[in-house]
Amino acid sequence: MQSALGVSRKAAVYEFLRALDDRSLAVLEYCWHNEHASIRELTTLLGAVTDMETLTVVREQLNAVARKTLGKPVLEFERRGIDSQTGSVVTFEWWFTGESKDHSALESLRDEVVVVS
(Lines give C-alpha, C1' and ligand atoms only; values in the text may rest on other atoms or scores of the structure.)
Protein backbone atom coordinates (compact mmCIF):
# COMPACT_ATOMS: atom_id res chain seq x y z
CA MET A 1 0.00 0.00 0.00
CA GLN A 2 2.87 2.35 0.75
CA SER A 3 4.15 2.20 -2.84
CA ALA A 4 0.62 2.33 -4.30
CA LEU A 5 0.02 5.60 -2.45
CA GLY A 6 3.42 6.97 -3.37
CA VAL A 7 4.28 7.65 0.26
CA SER A 8 7.82 7.30 1.52
CA ARG A 9 7.02 6.92 5.23
CA LYS A 10 5.44 3.65 6.40
CA ALA A 11 4.26 5.37 9.56
CA ALA A 12 2.14 7.78 7.49
CA VAL A 13 0.33 4.90 5.77
CA TYR A 14 -0.27 3.21 9.12
CA GLU A 15 -1.61 6.46 10.61
CA PHE A 16 -3.80 7.00 7.54
CA LEU A 17 -5.38 3.52 7.59
CA ARG A 18 -5.95 3.62 11.35
CA ALA A 19 -7.69 7.01 11.13
CA LEU A 20 -10.28 5.88 8.58
CA ASP A 21 -13.77 4.90 9.62
CA ASP A 22 -15.38 1.78 8.12
CA ARG A 23 -17.22 3.68 5.39
CA SER A 24 -14.12 5.56 4.24
CA LEU A 25 -12.10 2.34 4.26
CA ALA A 26 -14.79 0.62 2.16
CA VAL A 27 -14.67 3.40 -0.45
CA LEU A 28 -10.86 3.39 -0.52
CA GLU A 29 -10.70 -0.37 -0.82
CA TYR A 30 -13.26 -0.43 -3.64
CA CYS A 31 -11.45 2.23 -5.65
CA TRP A 32 -8.06 0.69 -4.88
CA HIS A 33 -9.18 -2.65 -6.34
CA ASN A 34 -11.20 -1.19 -9.23
CA GLU A 35 -9.13 1.94 -10.06
CA HIS A 36 -12.29 4.10 -10.26
CA ALA A 37 -15.97 4.19 -9.31
CA SER A 38 -19.08 6.18 -10.08
CA ILE A 39 -20.90 8.05 -7.34
CA ARG A 40 -23.78 5.61 -7.82
CA GLU A 41 -21.49 2.61 -7.24
CA LEU A 42 -20.11 4.18 -4.07
CA THR A 43 -23.56 5.18 -2.82
CA THR A 44 -24.75 1.59 -3.28
CA LEU A 45 -21.58 0.25 -1.65
CA LEU A 46 -22.16 2.40 1.42
CA GLY A 47 -25.90 1.88 1.55
CA ALA A 48 -26.13 5.67 1.64
CA VAL A 49 -29.48 7.38 1.23
CA THR A 50 -28.17 10.10 -1.10
CA ASP A 51 -25.18 10.80 -3.31
CA MET A 52 -24.48 13.82 -1.10
CA GLU A 53 -24.00 11.48 1.86
CA THR A 54 -21.43 9.58 -0.21
CA LEU A 55 -19.69 12.79 -1.25
CA THR A 56 -19.41 13.71 2.41
CA VAL A 57 -17.62 10.41 3.10
CA VAL A 58 -15.23 10.95 0.18
CA ARG A 59 -14.49 14.64 0.67
CA GLU A 60 -14.84 15.28 4.39
CA GLN A 61 -13.69 11.96 5.77
CA LEU A 62 -11.52 9.90 3.40
CA ASN A 63 -9.75 12.69 1.52
CA ALA A 64 -9.58 14.94 4.59
CA VAL A 65 -7.71 12.22 6.51
CA ALA A 66 -5.51 11.55 3.47
CA ARG A 67 -4.54 15.22 3.17
CA LYS A 68 -3.77 15.41 6.88
CA THR A 69 -1.69 12.21 7.07
CA LEU A 70 -0.35 11.76 3.53
CA GLY A 71 -0.36 15.33 2.27
CA LYS A 72 -2.64 14.57 -0.69
CA PRO A 73 -6.08 13.13 -1.50
CA VAL A 74 -6.41 9.43 -2.35
CA LEU A 75 -9.44 9.91 -4.63
CA GLU A 76 -9.94 12.55 -7.30
CA PHE A 77 -12.99 13.25 -9.41
CA GLU A 78 -12.22 13.15 -13.12
CA ARG A 79 -14.50 14.14 -15.97
CA ARG A 80 -12.71 11.72 -18.26
CA GLY A 81 -10.20 8.93 -17.74
CA ILE A 82 -8.98 5.75 -19.39
CA ASP A 83 -9.46 2.44 -17.57
CA SER A 84 -6.02 0.81 -17.55
CA GLN A 85 -7.42 -2.72 -17.73
CA THR A 86 -10.02 -2.28 -20.48
CA GLY A 87 -8.75 0.78 -22.32
CA SER A 88 -12.29 2.18 -22.17
CA VAL A 89 -13.03 5.85 -21.69
CA VAL A 90 -14.71 6.41 -18.34
CA THR A 91 -16.50 9.66 -17.60
CA PHE A 92 -17.43 11.45 -14.39
CA GLU A 93 -16.01 9.03 -11.83
CA TRP A 94 -13.85 9.01 -8.72
CA TRP A 95 -10.35 7.66 -9.35
CA PHE A 96 -7.76 6.20 -6.99
CA THR A 97 -4.79 8.56 -7.20
CA GLY A 98 -2.12 6.00 -6.42
CA GLU A 99 -0.37 3.52 -8.65
CA SER A 100 -2.56 1.04 -10.46
CA LYS A 101 -1.27 -2.48 -9.92
CA ASP A 102 -2.37 -6.03 -9.22
CA HIS A 103 -3.84 -6.20 -5.73
CA SER A 104 -4.91 -9.84 -5.83
CA ALA A 105 -2.34 -10.80 -3.19
CA LEU A 106 -4.13 -8.64 -0.63
CA GLU A 107 -7.87 -9.17 -0.47
CA SER A 108 -8.56 -6.35 1.94
CA LEU A 109 -6.86 -3.25 3.22
CA ARG A 110 -8.04 -4.43 6.61
CA ASP A 111 -5.39 -7.17 6.25
CA GLU A 112 -2.61 -4.69 5.45
CA VAL A 113 0.32 -5.14 7.79
CA VAL A 114 2.51 -2.10 8.26
CA VAL A 115 5.86 -2.55 9.93
CA VAL A 116 7.33 0.69 11.19
CA SER A 117 11.11 0.62 11.53
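What is the handedness of the crossing of H3 and H4? The legends below take up this question after an overview of the chain, and they describe a predicted model.

**View 1. The protein chain and its elements.** The protein chain of this predicted model holds five helices and three strands. Read from the N terminus on, these elements follow one another in the order α-α-α-β-α-α-β-β. Of the 117 residues in the protein chain, 43% are buried. Among the contacts with a separation of 6 or more, 53% are between residues that lie 24 or more positions apart.

**View 2. The largest nonpolar core.** This core has 27 residues, and those with the most contacts inside it are Phe-16, Leu-20, Val-27, Leu-28, Leu-62, Val-74 and Leu-75. Two or more residues are given to the core by each of helix H2 (10–19), helix H3 (22–34), helix H4 (39–46), helix H5 (51–70) and strand E3 (89–96). The largest share comes from H5, which supplies seven residues.

**View 3. The packing of H3 and H4.** The crossing of these two helices, H3 and H4, is right-handed, which answers the opening question. H3 and H4 pack with their axes 10 Å apart and at an angle of about 135°. Because this angle is neither over 145 degrees, as roughly antiparallel would need, nor within 65 to 115 degrees, as roughly perpendicular would need, H3 and H4 are oblique to each other.

**View 4. The residues where H3 meets H4.** On the side of H3, the contact is made by Arg-23, Ala-26, Val-27, Tyr-30 and Cys-31, while H4 brings Glu-41, Leu-42, Leu-45 and Leu-46. Sorted by class, the contact of H3 with H4 has seven nonpolar residues and two charged residues, with no polar ones. Val-27, a residue of H3 in this contact, is also one of the residues with the most contacts inside the largest nonpolar core.

**View 5. Glu-35, with a positive phi.** Glu-35 sits in the loop between H3 and strand E1 (36–37). Its phi is near 75°, which is a positive value in a residue other than glycine. Glu-35 has a relative accessible area of 14%, and because buried means under 20%, Glu-35 counts as buried.

**View 6. Phe-92, with a positive phi.** Phe-92 is found in strand E3, one of the elements that give two or more residues to the largest nonpolar core. The phi of Phe-92 is near 50°, again a positive value in a residue other than glycine.

Technical notes:
Residues numbered from 1 in each chain as written. Predicted model: local features only at pLDDT ≥ 70, side-chain atom pairs only at ≥ 80, totals over all residues. Heavy atoms only, no water. Core = buried A, V, L, I, M, F, W, Y, C linked by side-chain atoms within 4.5 Å. Buried < 20%, exposed > 50% of the residue type's maximum accessible area, 1.4 Å probe, protein only. Helix = DSSP H or I, 4+ residues; strand = E, 2+ residues; numbered from the N terminus. Axes fitted to C-alpha atoms, helices over the stretch in contact; angles between N-to-C directions. Parallel < 35°, antiparallel > 145°, perpendicular 65-115°, else oblique. Left-handed = near helix turned anticlockwise from the far one by under 90°. Contact = heavy atoms within 4.5 Å. Nonpolar A, V, L, I, M, F, W, Y, C, P; charged D, E, K, R; others polar.
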